[in-house]
Amino acid sequence: NKYLSDRINNMSTSATLAMAAKARELRNEGKDIIGLSLGEPDFNIPDFIKEAAKEAIDQNYSSYSPVDGYADLKNAISKKFKRDNALEYSASQIVVSTGAKQSLANVAMVLLNPGDEVILPAPYWVSYSDIVKLAGGIPVEVPTDIASDFKITPDQLRNAISPKTKMIWYSSPCNPSGSVYSREELEGLAAVLRDHPDIFVVSDEIYEHINFRSGHTSIAGIDGMYERTITVNGVSKAFAMTGWRIGYIGAPEWIARACTKFQGQITSGANAIAQRATIAALEAPVSSIQFMIDEFRKRRDLILELLSEIDGFRVNVPEGAFYVFPDISSFFGKELRGKTVKDASDFALYLLEEANVATVTGAAFGNPNCIRISYAASEKEIREAVRRISEAV
Ligand code: PLP
């Protein structure tokens, strides 16, 4: 539309949300679609968090909160960073936002000038690239593949750096690959960054607890990184609170202050009730969500076993989050039921139409050889979905 701004015309629609909408449409037509396209835990929010929200309503938490979040929530976040990540962030270094998505958008808007480059190890979370572009930045994708477990090496990072590089953004555990960077791997990347003191790091740790290997590493805790790292987290994934929309950052104080200034003109403080409930979530011991992590691990093992029986699917062993990211490029150029599969987008569409299973093309995450399958679904759905996929291909 010629009346819309270049800003919106140049933006792509979130592929995960688009796939979910398409699946919904087909369901409304009466098709039995299994949705494995969304990054959403299929558990209910733990009761103690719901109780905290109900209490907050009764206690009339109905006014605007401080823009950067309630003081006692920020204290709870500060304690959480210390407890889980050995990071010292005081309350003045913390900003609470409407989902980690807003946290990321705030950071892009306050740190990027037009033309600044942002290194995105690919595959990366679907929104990074459009958030960076919205802020005038230029995403610089660094491709990885299954052979390196979808992780970049220090050499790849060094080669991607230019005089215009302002930041690097990554998630570990990674959406979409499920890969987890070890401490040694992050130390290798930090060693490269130490030669470039003006490059900032966005460390998206929203899947921190959904990690099947031992230990999560926050890059802010590595020598020389604290002063230029923005640690992003939230309650969507760990506590199944996706719709409650609470995310947060820990960052150098001047960055936190800038994010608060920006947010103050865009949304103000995040939802008051959800903030109160988040205090309860973050103060609870991590053991209160261990059941979810155990369940996700079982499902990961199940889906890996089932997918390994399909010819043409090559899968790494994801160590966190709740996705598998199979390389399905062996199907490109082949005919399936009379339809030629050109690329991963064709393949995902084929699975939707012929197997009635919704997945997402890897192209949306910067990897055109793969598709993303979320296993945040019941065992029954996972078995049936893979059976249908297997039959369709
Ligand atoms: N970062 C990653 C890697 C994600 O996968 C998601 C959600 O899918 C987000 C951030 C955004 O989370 P929120 O629901 O807190 O906005």
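**Note on the predicted model: sheet, helix α5 and ligand shell**

1. In this predicted model, Leu 120 has Glu 141 of strand β4 as its bridge partner. The two strands concerned are β3, spanning residues 117-122, and β4, spanning residues 138-143; they pair in the parallel sense, with 6 bridges between them.

2. The connection between these strands deserves a remark. Together with helix α6, residues 126-134, strands β3 and β4 make a β-α-β unit, and this unit is right-handed.

3. The pair belongs to a wider arrangement. An open sheet is formed by 7 strands, whose order is β2-β8-β7-β6-β5-β3-β4, and its pairing is mixed. At the edges stand β2 (94-97) and β4, each of which pairs on one side only. Between neighbouring strands of the sheet the average turn is 20°, with direction ignored.

4. Another pair within this order is β6 and β7. Strand β6 covers residues 200-204 and strand β7 covers residues 229-234; the two run parallel and are joined by 4 bridges. Asp 204 has Val 232 in β7 as its bridge partner. As a general point, side chains in a regular strand alternate between the two faces of the sheet.

5. Helix α5 should be read together with the sheet. Helix α5 lies across β2, β5 (165-171), β6, β7 and β8 (247-250), and runs at about 45° to β8.

6. Helix α5 also meets a second helix, α9, which comprises residues 253-266; the axes of the two come within 9 Å and cross at roughly 105°. An angle from 65 to 115 degrees counts as roughly perpendicular, and therefore α5 is described as roughly perpendicular to α9.

7. Which residues make up the contact of α5 with α9? From α5 come Asn 106, Val 107, Met 109 and Val 110, and these meet Ile 255, Ala 258, Cys 259, Phe 262 and Gln 263 in α9. Sorted by class, the contact has 7 nonpolar and 2 polar residues, and no charged residues.

8. The last points concern the ligand, which is surrounded by 13 residues. The closest are Gly 99, Ala 100, Lys 101, Gly 234 and Ser 236. Helix α5, residues 99-111, contributes the largest share of this shell, namely 3 residues.

9. How is the shell around the ligand composed by class? The shell has 8 polar, 3 nonpolar and 2 charged residues. Helix α5 thus recurs in this note: α5 lies across strands including β2 and β8, meets residues of α9, and supplies residues to the shell around the ligand.

How values were computed
Residues numbered from 1 in each chain as written. Predicted model: local features only at pLDDT ≥ 70, side-chain atom pairs only at ≥ 80, totals over all residues. Pairing = 2+ DSSP bridges. Right-handed = clockwise from strand over helix to strand, strands pointing away. Near = placed C-beta within 6 Å. Nonpolar A, V, L, I, M, F, W, Y, C, P; charged D, E, K, R; others polar. Axes fitted to C-alpha atoms, helices over the stretch in contact; angles between N-to-C directions. Parallel < 35°, antiparallel > 145°, perpendicular 65-115°, else oblique. Contact = placed C-beta atoms within 7 Å.
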